[in-house]
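Me: I'm new to reading protein models, and I'd like a close look at a single part of this one. Could you pick out one helix and show me how it sits among its surroundings?

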Amino acid sequence: MKDRTLVQIALYAAIIAVLGLLPRFDIPLAGGVPITAQSMGIMLAGVMLGAWRGALAVTLFLFVVALGAPLLAGGRGGLGVFFGPSVGFLLGYPVAAFAAGLIMQRFRNQPVLPVALIAAVIGGIVVLYPLGIIGMSTLGSLSPLDAAKACLIFIPGDTIKAVLVALVAQTVARGYPEALISRGA
Amino acid sequence: MISLYLAERTWLHGVPAGWKLLALALISLAVTPFDSLPLMAGLVAATLALYASLGRAAFAQVALLRPMWPLFAILIALHWWNGDILLGLVVSLRIVAMILIANAVTMTTRMDAMMDVIEPALRPLGWFGIPPRSVALAVAMMIRFVPLLFALWEALNESWRARTGKRGGWRLLAPFCIQTLRLSHHTAEALAARGGVFRGERR
(Lines give C-alpha, C1' and ligand atoms only; values in the text may rest on other atoms or scores of the structure.)
Protein backbone atom coordinates (compact mmCIF):
# COMPACT_ATOMS: atom_id res chain seq x y z
CA MET A 1 0.00 0.00 0.00
CA LYS A 2 1.18 3.50 -0.79
CA ASP A 3 0.63 6.77 1.03
CA ARG A 4 -1.62 7.89 -1.79
CA THR A 5 -3.85 4.83 -1.39
CA LEU A 6 -4.25 5.52 2.31
CA VAL A 7 -5.20 9.14 1.60
CA GLN A 8 -7.74 8.06 -1.04
CA ILE A 9 -9.32 5.63 1.41
CA ALA A 10 -9.58 8.35 4.07
CA LEU A 11 -10.93 10.75 1.44
CA TYR A 12 -13.76 8.50 0.33
CA ALA A 13 -14.63 7.63 3.93
CA ALA A 14 -15.01 11.39 4.47
CA ILE A 15 -17.04 11.77 1.26
CA ILE A 16 -19.47 9.12 2.52
CA ALA A 17 -19.78 11.06 5.79
CA VAL A 18 -20.32 14.42 4.05
CA LEU A 19 -22.96 12.96 1.69
CA GLY A 20 -24.85 11.63 4.70
CA LEU A 21 -24.84 14.97 6.48
CA LEU A 22 -25.69 17.33 3.63
CA PRO A 23 -29.17 18.73 4.29
CA ARG A 24 -30.02 18.74 0.61
CA PHE A 25 -29.57 15.01 0.28
CA ASP A 26 -31.23 14.10 3.54
CA ILE A 27 -34.50 12.50 2.47
CA PRO A 28 -35.79 10.68 5.55
CA LEU A 29 -38.63 8.67 4.05
CA ALA A 30 -39.00 6.23 6.89
CA GLY A 31 -36.88 5.91 10.00
CA GLY A 32 -34.43 3.21 10.97
CA VAL A 33 -33.11 2.40 7.53
CA PRO A 34 -32.61 5.93 6.24
CA ILE A 35 -32.30 6.46 2.54
CA THR A 36 -30.08 9.40 1.94
CA ALA A 37 -27.18 10.27 -0.30
CA GLN A 38 -25.07 8.22 2.08
CA SER A 39 -25.78 4.97 0.25
CA MET A 40 -24.76 6.85 -2.90
CA GLY A 41 -21.43 7.44 -1.20
CA ILE A 42 -21.09 3.68 -0.66
CA MET A 43 -21.72 3.01 -4.37
CA LEU A 44 -19.40 5.85 -5.35
CA ALA A 45 -16.57 4.50 -3.19
CA GLY A 46 -16.75 1.14 -4.95
CA VAL A 47 -17.22 2.54 -8.45
CA MET A 48 -14.49 5.18 -8.11
CA LEU A 49 -11.87 3.35 -6.03
CA GLY A 50 -12.30 -0.27 -7.08
CA ALA A 51 -12.93 -3.35 -4.95
CA TRP A 52 -10.35 -3.34 -2.16
CA ARG A 53 -9.89 0.41 -1.74
CA GLY A 54 -13.64 0.97 -1.89
CA ALA A 55 -14.32 -1.69 0.73
CA LEU A 56 -11.56 -0.29 2.98
CA ALA A 57 -12.92 3.26 2.64
CA VAL A 58 -16.37 2.07 3.72
CA THR A 59 -14.87 0.01 6.55
CA LEU A 60 -12.93 3.05 7.79
CA PHE A 61 -16.14 5.08 7.72
CA LEU A 62 -17.99 2.46 9.79
CA PHE A 63 -15.03 2.20 12.18
CA VAL A 64 -15.07 5.94 12.88
CA VAL A 65 -18.85 5.79 13.37
CA ALA A 66 -18.35 2.95 15.88
CA LEU A 67 -15.70 5.01 17.70
CA GLY A 68 -18.46 7.54 18.39
CA ALA A 69 -18.61 10.03 15.51
CA PRO A 70 -22.22 10.88 14.55
CA LEU A 71 -21.56 10.62 10.82
CA LEU A 72 -24.42 8.39 9.72
CA ALA A 73 -27.28 10.06 7.86
CA GLY A 74 -29.34 12.18 10.22
CA GLY A 75 -26.41 12.65 12.60
CA ARG A 76 -26.57 9.18 14.09
CA GLY A 77 -23.54 7.22 15.16
CA GLY A 78 -21.79 5.49 18.02
CA LEU A 79 -22.15 1.87 19.00
CA GLY A 80 -25.94 2.13 19.23
CA VAL A 81 -26.47 1.99 15.47
CA PHE A 82 -24.83 -1.44 15.35
CA PHE A 83 -27.60 -2.80 17.56
CA GLY A 84 -30.44 -1.41 15.45
CA PRO A 85 -32.41 -3.34 12.84
CA SER A 86 -30.43 -1.76 10.00
CA VAL A 87 -27.15 -3.33 11.14
CA GLY A 88 -27.29 -5.79 8.24
CA PHE A 89 -27.18 -2.89 5.82
CA LEU A 90 -24.33 -1.21 7.70
CA LEU A 91 -22.18 -4.33 7.75
CA GLY A 92 -23.18 -5.03 4.15
CA TYR A 93 -21.87 -1.66 2.96
CA PRO A 94 -18.22 -2.75 2.59
CA VAL A 95 -19.32 -5.87 0.73
CA ALA A 96 -21.50 -3.75 -1.55
CA ALA A 97 -18.62 -1.38 -2.32
CA PHE A 98 -16.35 -4.36 -2.97
CA ALA A 99 -18.82 -5.91 -5.43
CA ALA A 100 -19.32 -2.60 -7.27
CA GLY A 101 -15.56 -2.05 -7.46
CA LEU A 102 -14.93 -5.56 -8.71
CA ILE A 103 -17.34 -5.08 -11.61
CA MET A 104 -15.74 -1.74 -12.52
CA GLN A 105 -12.32 -3.40 -12.60
CA ARG A 106 -13.44 -6.50 -14.51
CA PHE A 107 -15.03 -4.44 -17.28
CA ARG A 108 -12.53 -1.61 -17.33
CA ASN A 109 -12.39 -1.58 -21.13
CA GLN A 110 -16.14 -1.23 -21.59
CA PRO A 111 -18.00 2.13 -21.70
CA VAL A 112 -18.20 3.78 -18.28
CA LEU A 113 -21.91 4.60 -18.06
CA PRO A 114 -23.45 1.11 -18.44
CA VAL A 115 -20.70 -0.60 -16.44
CA ALA A 116 -21.00 1.90 -13.58
CA LEU A 117 -24.77 1.52 -13.58
CA ILE A 118 -24.56 -2.26 -13.41
CA ALA A 119 -21.84 -2.05 -10.76
CA ALA A 120 -23.90 0.34 -8.61
CA VAL A 121 -27.08 -1.75 -8.95
CA ILE A 122 -25.33 -5.03 -8.18
CA GLY A 123 -23.34 -3.61 -5.27
CA GLY A 124 -25.95 -1.28 -3.81
CA ILE A 125 -29.01 -3.47 -4.32
CA VAL A 126 -28.38 -7.07 -5.41
CA VAL A 127 -25.57 -7.63 -2.89
CA LEU A 128 -26.61 -5.18 -0.16
CA TYR A 129 -30.28 -6.00 0.28
CA PRO A 130 -29.96 -9.72 1.08
CA LEU A 131 -27.44 -8.82 3.80
CA GLY A 132 -29.72 -6.09 5.14
CA ILE A 133 -32.69 -8.44 5.07
CA ILE A 134 -30.76 -11.14 6.95
CA GLY A 135 -29.88 -8.57 9.63
CA MET A 136 -33.44 -7.36 9.93
CA SER A 137 -34.94 -10.83 10.08
CA THR A 138 -32.44 -11.87 12.77
CA LEU A 139 -32.88 -8.82 15.00
CA GLY A 140 -36.60 -8.49 14.42
CA SER A 141 -37.40 -12.23 14.69
CA LEU A 142 -39.07 -11.93 11.29
CA SER A 143 -39.19 -14.46 8.50
CA PRO A 144 -36.84 -13.39 5.68
CA LEU A 145 -39.90 -12.80 3.50
CA ASP A 146 -41.46 -10.38 6.00
CA ALA A 147 -38.11 -8.63 6.47
CA ALA A 148 -37.83 -8.31 2.70
CA LYS A 149 -41.27 -6.69 2.58
CA ALA A 150 -40.11 -4.09 5.10
CA CYS A 151 -37.04 -3.29 2.97
CA LEU A 152 -38.57 -3.24 -0.50
CA ILE A 153 -39.85 0.32 -0.23
CA PHE A 154 -36.25 1.54 -0.36
CA ILE A 155 -35.41 -0.11 -3.68
CA PRO A 156 -36.88 2.61 -5.98
CA GLY A 157 -34.82 5.28 -4.21
CA ASP A 158 -31.66 3.21 -4.41
CA THR A 159 -32.24 2.58 -8.11
CA ILE A 160 -32.38 6.34 -8.74
CA LYS A 161 -29.15 6.70 -6.78
CA ALA A 162 -27.45 4.01 -8.86
CA VAL A 163 -28.38 5.97 -12.01
CA LEU A 164 -26.95 9.17 -10.50
CA VAL A 165 -23.76 7.37 -9.51
CA ALA A 166 -23.36 6.10 -13.08
CA LEU A 167 -23.87 9.63 -14.47
CA VAL A 168 -21.33 11.01 -12.02
CA ALA A 169 -18.82 8.29 -12.94
CA GLN A 170 -19.22 9.09 -16.62
CA THR A 171 -18.81 12.83 -16.08
CA VAL A 172 -15.70 12.22 -13.98
CA ALA A 173 -14.30 9.84 -16.61
CA ARG A 174 -14.63 12.61 -19.20
CA GLY A 175 -13.41 15.49 -17.08
CA TYR A 176 -10.57 13.86 -15.16
CA PRO A 177 -10.09 10.21 -16.12
CA GLU A 178 -7.41 9.78 -13.48
CA ALA A 179 -10.06 10.28 -10.78
CA LEU A 180 -11.71 7.02 -11.76
CA ILE A 181 -9.08 5.03 -9.88
CA SER A 182 -10.90 1.73 -10.41
CA ARG A 183 -10.08 2.01 -14.12
CA GLY A 184 -6.43 2.87 -13.69
CA ALA A 185 -3.63 0.44 -14.48
CA MET B 1 -18.54 18.28 14.64
CA ILE B 2 -21.46 17.54 16.94
CA SER B 3 -20.58 14.73 19.28
CA LEU B 4 -22.57 12.06 21.04
CA TYR B 5 -20.02 12.27 23.87
CA LEU B 6 -21.23 13.83 27.11
CA ALA B 7 -18.91 16.64 28.13
CA GLU B 8 -20.20 16.60 31.68
CA ARG B 9 -18.44 13.87 33.65
CA THR B 10 -20.61 11.09 35.08
CA TRP B 11 -19.82 7.98 37.11
CA LEU B 12 -19.86 5.92 33.90
CA HIS B 13 -17.04 8.07 32.47
CA GLY B 14 -14.80 6.68 35.22
CA VAL B 15 -15.29 3.05 34.14
CA PRO B 16 -12.46 1.96 31.79
CA ALA B 17 -13.53 1.73 28.14
CA GLY B 18 -12.52 -1.93 27.90
CA TRP B 19 -14.86 -2.93 30.74
CA LYS B 20 -17.75 -1.02 29.19
CA LEU B 21 -17.24 -2.72 25.83
CA LEU B 22 -17.00 -6.11 27.53
CA ALA B 23 -20.20 -5.45 29.50
CA LEU B 24 -21.96 -4.38 26.31
CA ALA B 25 -20.90 -7.55 24.51
CA LEU B 26 -21.98 -9.75 27.44
CA ILE B 27 -25.37 -8.03 27.80
CA SER B 28 -26.08 -8.32 24.08
CA LEU B 29 -25.25 -12.03 24.15
CA ALA B 30 -27.27 -12.59 27.33
CA VAL B 31 -30.51 -10.96 26.17
CA THR B 32 -30.64 -12.55 22.71
CA PRO B 33 -32.13 -15.96 23.63
CA PHE B 34 -34.93 -14.67 25.90
CA ASP B 35 -38.32 -13.79 24.43
CA SER B 36 -40.05 -12.79 27.64
CA LEU B 37 -42.03 -9.56 27.74
CA PRO B 38 -41.55 -8.80 31.50
CA LEU B 39 -37.82 -9.42 31.14
CA MET B 40 -37.44 -7.04 28.18
CA ALA B 41 -39.67 -4.41 29.79
CA GLY B 42 -37.46 -4.72 32.88
CA LEU B 43 -34.34 -4.31 30.73
CA VAL B 44 -35.69 -1.15 29.13
CA ALA B 45 -36.69 0.19 32.57
CA ALA B 46 -33.20 -0.57 33.91
CA THR B 47 -31.65 1.15 30.90
CA LEU B 48 -33.78 4.25 31.43
CA ALA B 49 -32.77 4.22 35.11
CA LEU B 50 -29.13 4.09 33.97
CA TYR B 51 -29.71 7.13 31.75
CA ALA B 52 -31.47 8.96 34.61
CA SER B 53 -28.46 8.30 36.83
CA LEU B 54 -26.22 9.94 34.21
CA GLY B 55 -28.05 13.26 34.34
CA ARG B 56 -30.32 15.35 32.20
CA ALA B 57 -28.06 15.66 29.14
CA ALA B 58 -27.81 11.87 28.97
CA PHE B 59 -31.55 11.42 29.31
CA ALA B 60 -32.09 13.83 26.44
CA GLN B 61 -30.24 11.39 24.18
CA VAL B 62 -33.11 8.91 24.51
CA ALA B 63 -34.63 11.14 21.79
CA LEU B 64 -32.12 9.50 19.39
CA LEU B 65 -34.70 6.75 19.06
CA ARG B 66 -37.28 9.12 17.61
CA PRO B 67 -36.47 8.59 13.91
CA MET B 68 -36.83 4.84 14.49
CA TRP B 69 -40.49 4.84 15.57
CA PRO B 70 -41.85 4.12 12.05
CA LEU B 71 -39.60 1.10 11.87
CA PHE B 72 -40.79 -0.25 15.21
CA ALA B 73 -44.36 0.35 14.04
CA ILE B 74 -43.69 -1.73 10.90
CA LEU B 75 -41.99 -4.44 12.96
CA ILE B 76 -44.89 -4.72 15.41
CA ALA B 77 -47.44 -4.57 12.58
CA LEU B 78 -45.71 -7.45 10.73
CA HIS B 79 -45.73 -9.58 13.90
CA TRP B 80 -49.34 -8.63 14.55
CA TRP B 81 -50.18 -9.75 11.01
CA ASN B 82 -48.57 -13.09 11.77
CA GLY B 83 -50.67 -13.37 14.93
CA ASP B 84 -47.93 -12.80 17.50
CA ILE B 85 -48.01 -9.16 18.56
CA LEU B 86 -46.31 -10.06 21.87
CA LEU B 87 -43.20 -11.23 20.02
CA GLY B 88 -43.22 -7.94 18.11
CA LEU B 89 -43.26 -6.01 21.37
CA VAL B 90 -40.52 -8.16 22.90
CA VAL B 91 -38.28 -7.73 19.86
CA SER B 92 -38.85 -3.97 19.75
CA LEU B 93 -38.13 -3.56 23.46
CA ARG B 94 -34.94 -5.60 23.11
CA ILE B 95 -33.73 -3.46 20.22
CA VAL B 96 -34.57 -0.25 22.11
CA ALA B 97 -32.69 -1.45 25.18
CA MET B 98 -29.62 -2.58 23.23
CA ILE B 99 -29.41 0.65 21.23
CA LEU B 100 -29.62 2.69 24.42
CA ILE B 101 -27.08 0.57 26.31
CA ALA B 102 -24.62 0.72 23.40
CA ASN B 103 -25.17 4.46 23.15
CA ALA B 104 -24.44 4.80 26.87
CA VAL B 105 -20.95 3.43 26.16
CA THR B 106 -20.46 5.93 23.32
CA MET B 107 -21.79 8.79 25.47
CA THR B 108 -19.28 8.22 28.23
CA THR B 109 -16.16 7.13 26.31
CA ARG B 110 -13.85 9.47 24.45
CA MET B 111 -12.99 8.48 20.87
CA ASP B 112 -9.27 8.24 21.69
CA ALA B 113 -9.98 5.99 24.70
CA MET B 114 -12.06 3.76 22.43
CA MET B 115 -9.25 3.74 19.87
CA ASP B 116 -6.72 2.72 22.56
CA VAL B 117 -8.87 -0.27 23.56
CA ILE B 118 -9.24 -1.39 19.96
CA GLU B 119 -5.59 -0.91 19.02
CA PRO B 120 -4.36 -4.33 20.25
CA ALA B 121 -7.05 -5.91 18.08
CA LEU B 122 -5.58 -4.12 15.06
CA ARG B 123 -2.10 -5.55 15.57
CA PRO B 124 -2.74 -8.63 13.38
CA LEU B 125 -3.16 -6.20 10.45
CA GLY B 126 0.63 -5.87 10.58
CA TRP B 127 0.89 -9.41 9.19
CA PHE B 128 -0.81 -8.17 6.04
CA GLY B 129 1.57 -5.26 5.67
CA ILE B 130 -0.81 -2.69 7.17
CA PRO B 131 0.93 -1.02 10.13
CA PRO B 132 -1.59 -0.41 12.96
CA ARG B 133 -0.53 3.23 13.13
CA SER B 134 -1.71 3.69 9.55
CA VAL B 135 -5.21 2.94 10.84
CA ALA B 136 -4.90 5.69 13.44
CA LEU B 137 -3.61 8.04 10.75
CA ALA B 138 -6.46 7.14 8.38
CA VAL B 139 -8.99 7.84 11.16
CA ALA B 140 -7.39 11.21 11.92
CA MET B 141 -7.20 12.12 8.22
CA MET B 142 -10.81 11.21 7.60
CA ILE B 143 -12.05 13.27 10.56
CA ARG B 144 -9.96 16.20 9.32
CA PHE B 145 -11.27 15.81 5.76
CA VAL B 146 -14.94 16.09 6.76
CA PRO B 147 -15.04 19.87 7.47
CA LEU B 148 -12.73 20.53 4.49
CA LEU B 149 -15.06 18.67 2.16
CA PHE B 150 -18.06 20.49 3.59
CA ALA B 151 -16.39 23.80 2.76
CA LEU B 152 -15.54 22.54 -0.72
CA TRP B 153 -19.15 21.47 -1.29
CA GLU B 154 -20.37 24.88 -0.11
CA ALA B 155 -18.00 26.65 -2.50
CA LEU B 156 -19.24 24.53 -5.43
CA ASN B 157 -22.82 25.14 -4.37
CA GLU B 158 -22.30 28.90 -4.21
CA SER B 159 -20.76 29.13 -7.65
CA TRP B 160 -23.56 26.97 -9.03
CA ARG B 161 -26.11 29.29 -7.43
CA ALA B 162 -24.35 32.33 -8.86
CA ARG B 163 -24.71 30.88 -12.34
CA THR B 164 -28.20 29.37 -12.16
CA GLY B 165 -29.97 30.80 -9.12
CA LYS B 166 -30.71 27.25 -7.92
CA ARG B 167 -29.05 24.82 -5.56
CA GLY B 168 -26.70 22.36 -7.19
CA GLY B 169 -27.76 19.14 -5.50
CA TRP B 170 -26.48 15.97 -7.10
CA ARG B 171 -25.08 17.84 -10.13
CA LEU B 172 -22.22 18.96 -7.92
CA LEU B 173 -21.13 15.38 -7.28
CA ALA B 174 -18.90 14.98 -10.35
CA PRO B 175 -16.96 18.24 -9.84
CA PHE B 176 -16.88 17.39 -6.13
CA CYS B 177 -15.23 14.02 -6.82
CA ILE B 178 -12.69 15.62 -9.14
CA GLN B 179 -11.81 18.44 -6.75
CA THR B 180 -11.56 16.16 -3.74
CA LEU B 181 -9.19 13.89 -5.62
CA ARG B 182 -6.94 16.88 -6.31
CA LEU B 183 -7.07 17.60 -2.59
CA SER B 184 -6.06 14.02 -1.84
CA HIS B 185 -3.08 14.27 -4.20
CA HIS B 186 -1.82 17.31 -2.30
CA THR B 187 -2.34 15.52 1.01
CA ALA B 188 -0.46 12.45 -0.22
CA GLU B 189 2.42 14.64 -1.41
CA ALA B 190 2.53 16.43 1.93
CA LEU B 191 2.52 13.07 3.70
CA ALA B 192 5.35 11.74 1.53
CA ALA B 193 7.33 14.94 2.10
CA ARG B 194 7.11 14.28 5.84
CA GLY B 195 8.53 10.78 5.52
CA GLY B 196 5.36 8.92 4.54
CA VAL B 197 3.45 6.27 6.42
CA PHE B 198 4.74 3.02 5.11
CA ARG B 199 8.42 3.83 4.77
CA GLY B 200 8.61 4.89 8.41
CA GLU B 201 7.68 1.38 9.52
CA ARG B 202 10.59 -0.41 7.90
CA ARG B 203 13.38 1.43 9.66
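Reply: From the N terminus on, the elements of chain A run α-α-α-α-α-α-α, which makes seven helices and zero strands. Keep in mind that this is a predicted model. The C-alpha trace of chain A spans about 45 × 30 × 30 Å along its principal axes. A compact globule of 185 residues would have a radius of gyration near 16 Å, and chain A has 16 Å, so the two agree. Of those 185 residues, 64% are buried.

Now to the helix for your close look: helix 7 of chain B, residues 132–164. How far apart should its ends be? At 1.5 Å a residue, its 33 residues should span 48 Å, and the end C-alpha atoms are 47 Å apart, so the expectation holds. Along the way there is a kink of about 30° at B:Val146, shortly before the proline B:Pro147. After the helix comes B:Gly165, which has a positive phi, near 80°.

Which residues of this helix are buried? They are B:Ser134, B:Ala138, B:Val139, B:Met141, B:Met142, B:Phe145, B:Val146, B:Leu149 and B:Trp153. Notice that B:Val146, the site of the kink, is on that list of buried residues. Their cover includes helix 6 (111–122) and helix 8 (173–193) of chain B, together with helix 1 and helix 3 of chain A.

That brings us to the place where the chains meet. The contact takes 54 residues from chain A and 60 residues from chain B. On the side of chain A that touches chain B, at least two residues each come from helix 1 (3–21), helix 3 (51–67), helix 6 (144–152) and helix 7 (155–175) of chain A. Helix 1 of chain A gives the most to that side, with 13 residues. By type, the residues on that side of chain A are 34 nonpolar, 14 polar and six charged.

Let's finish with the nonpolar interior. The largest nonpolar core has 124 residues, and those with the most contacts inside it are A:Ala10, A:Ala13, A:Ala14, A:Val47, A:Ala116, A:Ala120 and A:Val165. Take A:Val47 as an example: leaving aside residues up to four places away in sequence, A:Val47 touches A:Ala100, A:Gly101, A:Met104, A:Ala116, A:Ala119, A:Ala120, A:Val165, A:Ala169 and A:Ser182. For chain A as a whole, among contacts between residues at least 6 apart in sequence, 71% join residues at least 24 apart.

Key
Residues are numbered from 1 along each chain as its sequence is written. Chains are lettered from A and ligands numbered from 1 in the order in which they are written. This is a predicted model: local features need pLDDT of at least 70, side-chain atom pairs count only at pLDDT 80 or more; totals for chains, interfaces and linings use all residues. Two residues are in contact if their C-beta atoms, placed from the backbone, lie within 7 Å. Helices (H or I, at least four residues) and strands (E, at least two) are DSSP runs, numbered from the N terminus. Ala, Val, Leu, Ile, Met, Phe, Trp, Tyr, Cys and Pro count as nonpolar, Asp, Glu, Lys and Arg as charged, and the others, Gly among them, as polar. The expected span of a helix is 1.5 Å times one less than its number of residues. The bend at a residue is the angle between axes fitted to the seven residues ending there and the seven starting there. A residue is buried if 20 or more other C-beta atoms lie within 10 Å of its own, exposed if 12 or fewer, and partly exposed in between; C-beta atoms are placed from the backbone. A nonpolar core is a set of buried Ala, Val, Leu, Ile, Met, Phe, Trp, Tyr and Cys residues joined through C-beta atoms within 7 Å. The radius of gyration is taken over C-alpha atoms; the globule rule is 2.2 Å times the number of residues to the power 0.38.
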